[in-house]
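Biologist: Could you take me through one part of this model, the place where the ligand sits? I'd like a close look at that spot and its surroundings.

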Amino acid sequence: MRRVLITGAGGGIGSTLRETLRGVYPILRLSDRIPLASARDGEEIDRTEISDMAAVERMVDGVDGLIHLGGNSGEASWPVILQSNIVGLYNVFEAARRAGVRRIVMATSNHAVGFYPRGETIDHRVVPRPDSRYGVSKAFSEALASLYADKHGIGFLCVRIGNFGTRPIDKRRLSIWISPRDLTQLVRIGLEHPEIRYEIVYGVSNNRRSWYDNSNAERLGYRPQDDSEPYAAAVLAAEAGAPADPIAEYYQGGTFCAAEYTAPTRRD
Ligand code: 15L
């Protein structure tokens with residue numbers, strides 16, 4: 001990997017990877033629709049709105065590996081999701097194919113499978129159960145990645161990211177948290193592992209309270225260093241007595257499941 005592109009490089013995950021991947025590859029190309037801090041040694045700065053195919057073609061030119069974090073990172077109206085996460089995503093994969101990009105690490109999300117109950121442990125083989133329009137767009141990204149892997153031979157690591165941060169922020173996130181160093185490790189596996197064709201893994205640390213069987217990531221060499229448990233007592237104490245929505249509490253996707261919920265009976 002000579003030139004690695006990070007889309008959405010101005011977001012929380014992107015700006016962290018800008019630091020943790022600094023010097024790992026000869027050139028990091030950093031792209032976002034918002035302005036980014038100026039390029040340092042070994043960096044290139046790009047400003048692209050991914051719904052604009054001509055701009056996306058320029059963005060991927062000369063790139064060997066791509067980390068796709070761009071698009072909308074939460075629930076939004078259908079027109080917003082459609083532009084950023086469906087049209088924009090298609091543009092990135094299709095332009096990458098034309099440009100000969102060999103590897104893509106796709107930031108998908110726990111919300112592609114958010115309607116699995118918290119009582120169930122799920123692995124990388126379960127069918128999607130999206131909990132939002134955003135979750136549907138992430139399930140779409142996994143399907144589009146599968147097509148580009150099978151038909152065009154691009155290697156894909158689809159990482160269903162839980163919640164990224166320096167610490168878990170609430171009870172739900174104790175089960176899905178991922179630390180910066182663990183996500184960096186997973187992203188590097190996605191770019192560097194010699195045998196990746198199409199893989200789905202969970203982007204979570206080694207959390208004792210995990211809802212995931214992440215054996216596929218382990219098979220690829222992932223050895224997470226962090227666990228949310230040392231934060232658990234403080235997180236739970238801060239939440240004690242707070243009113244809980246029964247739908248949000250029941251499902252892994254939490255409030256993404258409860259939002260706009262109108263089903264008369266719960267599907268387990
Ligand atoms: C996600 O997929 C979002 O990008 C992030 O903002 C959080 O909402 C996270 O899921 C989560 O579930 O905590």
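Biologist: By class, how many nonpolar, polar and charged residues are there in the lining of the largest pocket?

Modeller: Bear in mind that this is a predicted model. The lining of the largest pocket has 10 nonpolar, 18 polar and six charged residues. In total, 34 residues line this pocket, and nearest its centre you'll find Ile13, Leu69, Gly71, Asn72 and Ser73. The space inside comes to about 710 Å³. As for where the lining comes from, at least two residues each are supplied by the helices α1 (12-20), α4 (133-152) and α5, and by the strands β2 (27-32), β5 (103-109) and β7 (163-164).

This largest pocket is where the ligand sits. Around the ligand you'll see Ser73, Ser109, Asn110, His111, Tyr134, Gly162, Asn163, Arg172, Arg173, Ile176 and Phe256. Ser73 is thus on both lists: it is part of the ligand's surroundings and lies among the residues nearest the pocket's centre. Sorted by class, the shell around the ligand has three nonpolar, six polar and two charged residues. Helix α5 (residues 171-176) gives the most to that shell, with three residues.

Now zoom in on the oxygen atoms of the ligand. For Arg172, a polar side-chain atom lies 2.6 Å from a ligand oxygen. With Tyr134, an N or O atom in the side chain is 2.7 Å from an oxygen atom of the ligand. Asn110 also has a polar side-chain atom by a ligand oxygen, at 3.1 Å. As for cover, the ligand taken alone exposes 320 Å², and the protein buries 77% of that.

Arg172 is worth following a little further, into the second largest pocket. That pocket holds about 300 Å³ of space. It is lined by 15 residues, and Arg172 is one of the closest to its centre, along with Arg118, Asp170, Glu239 and Glu249. By class, its lining divides into five nonpolar, two polar and eight charged residues. Helix α5 turns up here again: it gives the most to this lining, with three residues. Two further helices, α9 (246-250) and α10 (255-258), each supply at least two residues.

So if you're browsing the model, α5 is a handy place to start: this helix gives the most to the shell around the ligand and also the most to the lining of the second largest pocket.

Definitions and conventions: Residues are numbered from 1 along each chain as its sequence is written. This is a predicted model: local features need pLDDT of at least 70, side-chain atom pairs count only at pLDDT 80 or more; totals for chains, interfaces and linings use all residues. Side-chain values use heavy atoms; hydrogens and water are left out. A residue is near a molecule or strand if one of its heavy atoms lies within 4 Å of it. A polar contact is a pair of N or O atoms within 3.5 Å; within protein, one must be able to donate a hydrogen and the other to accept it, and residues adjacent in sequence count only if both atoms are side-chain atoms. Accessible areas come from the Shrake-Rupley method with a 1.4 Å probe; for residues, only the protein chains shown count as cover. On a 1 Å grid over the protein atoms alone, a cavity is a set of points where a 1.4 Å probe fits but cannot get out, and a pocket is an open set with protein on both sides within 12 Å along at least five of seven lines; lining residues have an atom within 4 Å of a point. A molecule sits in a cavity or pocket if more than half of its atoms lie within 2 Å of its grid points. Helices (H or I, at least four residues) and strands (E, at least two) are DSSP runs, numbered from the N terminus. Ala, Val, Leu, Ile, Met, Phe, Trp, Tyr, Cys and Pro count as nonpolar, Asp, Glu, Lys and Arg as charged, and the others, Gly among them, as polar. Grid points are joined across faces, edges and corners, and a volume is the space filled by probe spheres set on the points.
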